[in-house]
Amino acid sequence: MTNDIYKVTSLFAYPEVETIRTGGVVDQSSASSCGRIAADVVKAINIEMFFLRTGSWNMAPGVSPHPRWTRSR
């Protein structure tokens with residue numbers, strides 16, 4: 001499973017690998033899917049391996065979304 005569009009296309013070379021893309025709103029600057037739909041898909045599936053593209057990573061708080069997705073909707 002991945003939210004990264006480039007990861008999906010790179011896995012085309014491995015037809016034995018089942019790939020699930022999260023869906024959601026496409027962030028063109030990172031070529032990834034973001035938002036509530038993507039989060040709901042991740043919550044709904046028992047994941048064995050996940051490739052995640054994120055705005056930032058920190059060992060203390062963990063993964064943070066791109067600032068564009070942190071504002072109230």
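## Reading contacts, burial and a pocket

Modeller: Among the contacts in the protein chain between residues at least 6 apart in sequence, 39% join residues at least 24 apart. Please keep in mind, as we go on, that this is a predicted model.

Biologist: Which elements make up the secondary structure of the protein chain, and in what order do they run from the N terminus on?

Modeller: The chain has two helices and four strands, and, read from the N terminus, these elements follow the order α-β-β-α-β-β.

Biologist: What share of the residues of the protein chain count as buried, and how much accessible surface is there?

Modeller: Of the 73 residues, 23% count as buried, while the accessible surface comes to about 5,600 Å², with 56% of that surface belonging to carbon and sulfur atoms.

Biologist: How should I read burial for a single residue, and is T2 buried or exposed?

Modeller: A residue is called buried when its relative accessible area is under 20%. T2, which sits in the segment before α1, has a relative accessible area of 0% and is therefore buried. Leaving aside neighbours within four places in sequence, T2 is in contact with K7, V8, I20, R21, T22, F50 and F51.

Biologist: I20 appears in that list; where is I20 found, and how accessible is I20?

Modeller: I20 lies in the loop between α1 (5-10) and β1 (25-27). The range from 20% to 50% is called partly exposed, so I20 belongs there because its relative accessibility is 33%. Beyond its neighbours within four places in sequence, I20 is in contact with M1, T2 and I45. As for distance, I20 and F50 are 30 residues apart in sequence, and their C-alpha atoms are 9.4 Å apart in space.

Biologist: How does one find empty space in a model, and which residues line the second largest pocket?

Modeller: Rolling a probe the size of a water molecule over the atoms shows where empty space is left. Here, the second largest pocket holds about 280 Å³ of space, and its lining consists of M1, L11, V17, E18, T19, I20, I45, N46, I47, E48, M49 and F51. Sorted by class, that lining has eight nonpolar, two polar and two charged residues.

Biologist: What is there to notice about the phi of A31, and where is the place of A31?

Modeller: A31 is not a glycine, and yet its phi is positive, at about 55 degrees. A31 belongs to the loop between β1 and β2 (32-34), and A31 counts as buried because its relative accessible area is 10%.

Terms used. Residues are numbered from 1 along each chain as its sequence is written. This is a predicted model: local features need pLDDT of at least 70, side-chain atom pairs count only at pLDDT 80 or more; totals for chains, interfaces and linings use all residues. Side-chain values use heavy atoms; hydrogens and water are left out. On a 1 Å grid over the protein atoms alone, a cavity is a set of points where a 1.4 Å probe fits but cannot get out, and a pocket is an open set with protein on both sides within 12 Å along at least five of seven lines; lining residues have an atom within 4 Å of a point. Grid points are joined across faces, edges and corners, and a volume is the space filled by probe spheres set on the points. Ala, Val, Leu, Ile, Met, Phe, Trp, Tyr, Cys and Pro count as nonpolar, Asp, Glu, Lys and Arg as charged, and the others, Gly among them, as polar. Buried means under 20% relative accessible area, exposed over 50%, partly exposed in between (1.4 Å probe, protein chains only). Contact means heavy atoms within 4.5 Å. Accessible areas come from the Shrake-Rupley method with a 1.4 Å probe; for residues, only the protein chains shown count as cover.
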